[in-house]
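Grab a pencil and work through these short exercises with the structure in view. Try each task yourself before reading its solution.

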Amino acid sequence: MSDSPQAPTSATPPTPPIEWHPVGSAADWKDDSGKRVQIGARRIGIYKHAGGWYALKDVCPHAGVPLAQGPVFEGTVMCVGHGWRFSLTSGEWVGGSPGYKVATYPVRLRDDGVVEVQV
Ligand code: FES
């Protein structure tokens with residue numbers, strides 16, 4: 001038994017490892033469309049557009065409407081709440097005030113046609 005003091009513990013919980021998560025078959029997406037997936041507590045919109053795949057946090061920073069419900073065009077998704085558009089590549093509010101953006105995530109298409117997002 002030791003009377004020495006214990007080392008202080010960090011108040012920050014451990015960060016879960018970043019991993020690739022399968023979210024569906026590529027055939028589940030139409031061109032120029034988004035679909036919400038849930039990974040743990042995260043709601044993420046996965047988009048197929050102009051031959052590429054994109055992933056954005058599926059919560060509009062204006063008033064919380066799910067972005068994946070909106071139309072996808074010109075490299076953006078438009079929120080059905082009030083029409084704000086967000087870049088699929090950067091998450092930035094296109095044409096809006098700097099600083100309004102949504103998180104983006106890496107996406108990949110496996111050789112077997114499964115779409116994966118890295119979270
Ligand atoms: S909730 Fe998205 S623009 Fe208002």
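**Exercise 1.** Find the bridge partner of Ala55 in strand 8, and work out how strand 4 and strand 8 pair.

*Solution.* Keep in mind that you are looking at a predicted model.
Step 1: look across from Ala55 to strand 8, where its bridge partner is Tyr105.
Step 2: move on to Leu56, which stands opposite Thr104 in strand 8.
Step 3: put the strands together. Strand 4 covers residues 52-57, and its pairing with strand 8 is antiparallel, over two bridges.

**Exercise 2.** Which residue in strand 4 is the bridge partner of Tyr47, and what do strand 3 and strand 4 form?

*Solution.* Step 1: start at Tyr47 and cross to strand 4, where you meet its bridge partner, Tyr54.
Step 2: count the bridges. Strand 3 and strand 4 are joined by six of them, in the antiparallel sense.
Step 3: follow the chain from one strand to the other. The two strands form a hairpin, with two residues between them. Ala50 sits in the turn and has a positive phi of about 50°.

**Exercise 3.** Write down the order of the four strands in the open sheet, and name its edge strands.

*Solution.* Step 1: the order is 2-3-4-8, with antiparallel pairing.
Step 2: look for strands that pair on one side only. These are strand 2 (33-39) and strand 8 (104-105), the edge strands.

**Exercise 4.** Is Val37 buried, exposed or partly exposed?

*Solution.* Step 1: locate Val37 in strand 2.
Step 2: count the other C-beta atoms within 10 Å of its own, which gives 19.
Step 3: compare with the cut-offs. A residue needs 20 or more to be buried and 12 or fewer to be exposed, so Val37 is partly exposed.
Step 4: check its contacts. Leaving out residues up to four places away in sequence, Val37 touches Val23, Ile44 and Ile46.

**Exercise 5.** What does Ala55 touch, and how many residues are in the largest nonpolar core?

*Solution.* Step 1: again skip residues up to four places away in sequence. The contacts of Ala55 include Ile44, Ile46, Tyr105 and Val117.
Step 2: turn to the largest nonpolar core, which has 21 residues. Ala55 is among those with the most contacts inside it, as are Ile46 and Leu56.
Step 3: ask which elements give two or more residues to this core: strand 3 (42-49), strand 4 and strand 10 (114-118).

Conventions. Residues numbered from 1 in each chain as written. Predicted model: local features only at pLDDT ≥ 70, side-chain atom pairs only at ≥ 80, totals over all residues. Pairing = 2+ DSSP bridges. Core = buried A, V, L, I, M, F, W, Y, C linked by C-beta atoms within 7 Å. Contact = placed C-beta atoms within 7 Å.
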